[in-house]
Amino acid sequence: MGDLASWSERRSALRAAVRGVAVFHAEAGAMHGTIENLSRTGALVSVHGIPTTELHDVEIKLGGETGWVSARTVRVERGGRRLRIAVAFERVDGALAAVIENAIDHALRAAQRRPILVIDDSRGRRSELATKLAARGMTPLVPRTPLEAIDLLTRAQLHVNVILFAPSFGHSGDELRALVSDSFPWVSAAEISDDLEATVDRALEAWSGTDGARLARAIA
């Protein structure tokens, strides 16, 4: 019983890197923010300003689901150009509580699967690299088209945090790196070389610094 109770408490406090939108509503208007991580009891939100009140009515959007929470600010973080606020939930509507629980479940499963997106026009090298990644405990995702690659990166439930790439789909390595950096800033990118063991090592190193890896260490 003690172990189960301890795990339940830890799970409630776990903050998973779940991407979404938080809209703070007030008499003066609405302020939009980007959810960086989420737990059953609160969230860390990147914003462009600080809400004028400590207590908030917040609209949470996760994927295609939307719900409401009452929340209070517990911390403000300033770093470079980033401004983030940590909020603790006072009340969560029932439907949204289930959505949050489901999002955390997806994050926990992704932390165990360790997904790696592999983009490489070389079919033989791509196949061999996928085999080596799987042997090291990773889950290789191997898109065959640009649209498939974008779909995998934008599928929130997959939690893709690392991409391995070689010049592909008519784009240079620099162009692919810039695309990932601009559109998916939370994704770490590493280049594929003919030394596949070194490439796998780079993938593991990149994974070790991701939110998914931190979550895996928290639940170990």
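Salt bridges number 13 in this structure, which is a predicted model. One of them joins Glu-101 to Arg-40, with 2.8 Å between the closest N and O atoms. This pair links distant parts of the chain, 61 residues apart: Glu-101 belongs to helix α2 (residues 94–113), whereas Arg-40 sits in the loop between β2 (29–38) and β3 (42–47). Glu-101 has a relative accessible area of 24% and is therefore partly exposed. Arg-40 is likewise partly exposed, at 31% relative accessibility.

A further salt bridge is formed by Glu-90 and Arg-72, whose closest N and O atoms are 2.4 Å apart. Because Glu-90 lies in strand β6 (residues 82–92) and Arg-72 in strand β5 (residues 65–79), the pair ties together parts that are 18 residues apart in sequence. Glu-90 is partly exposed, with a relative accessible area of 49%, and Arg-72 is partly exposed as well, with a value of 32%.

Asp-120 and Arg-125 also form a salt bridge, in which the closest N and O atoms are separated by 2.6 Å. Asp-120 has a relative accessibility of 4%; because buried means under 20%, Asp-120 counts as buried. Beyond such individual pairs, a network of salt bridges links Glu-36, Arg-75, Glu-77 and Arg-84.

The strands may be considered next. Six strands make up a closed barrel, in the order β1-β2-β3-β6-β5-β4 and with antiparallel pairing. From one strand to the next, the twist averages 45°. Strand β1 (residues 20–26) and strand β4 (residues 55–62) run antiparallel and are joined by 5 bridges. Along this pairing, Ala-22 stands opposite Ile-60 in β4, and Val-23 stands opposite Glu-59 in β4.

Strand β4 is also paired with β5: the two run antiparallel, and 8 bridges join them. Here Asp-57 stands opposite Ser-70 in β5. The connection between β4 and β5 is a hairpin with 2 residues between the strands, and Gly-63 in the turn has a positive phi of about 60°.

Helix α2, which carries Glu-101, brings the description from the strands to the helices. This helix lies across β2, β4, β5 and β6, and runs at about 125° to β6. The salt bridge from Glu-101 to Arg-40 thus has one partner in α2 and the other in the loop between β2 and β3.

Helix α3 (residues 123–135) contains Ser-127. With a relative accessible area of 45%, Ser-127 is partly exposed. The C-alpha atom of Ser-127 is 41 Å from that of Gly-42, the two residues being 85 apart in sequence.

What aromatic pairing does a search of the whole structure find? The search finds 1 aromatic pair. Its members are Phe-184 and Trp-186, arranged edge-to-face, with 5.9 Å from centre to centre and 90° between the planes. Phe-184 counts as buried, because its relative accessibility is 7%. Trp-186, at 31% relative accessibility, counts as partly exposed.

The last residue to examine is Thr-199, in helix α6 (residues 196–208). Is Thr-199 buried or exposed? Its relative accessible area is 0%, so Thr-199 is buried. Leaving aside neighbours within four places in sequence, Thr-199 is in contact with Leu-129, Leu-164, Glu-191, Ile-192 and Ser-193. For Ser-193 there is also a polar approach: a polar atom of the Thr-199 side chain lies 3.1 Å from the backbone nitrogen of Ser-193.

Technical notes. Residues numbered from 1 in each chain as written. Predicted model: local features only at pLDDT ≥ 70, side-chain atom pairs only at ≥ 80, totals over all residues. Heavy atoms only, no water. Helix = DSSP H or I, 4+ residues; strand = E, 2+ residues; numbered from the N terminus. Buried < 20%, exposed > 50% of the residue type's maximum accessible area, 1.4 Å probe, protein only. Polar contact = N/O pair within 3.5 Å; in protein donor to acceptor, adjacent residues only side chain to side chain. Contact = heavy atoms within 4.5 Å. Phe/Tyr/Trp six-rings, centres within 6.5 Å; stacked < 30°, edge-to-face > 60°. Salt bridge = Lys/Arg side-chain N within 4 Å of Asp/Glu carboxyl O. Pairing = 2+ DSSP bridges. Axes fitted to C-alpha atoms, helices over the stretch in contact; angles between N-to-C directions.
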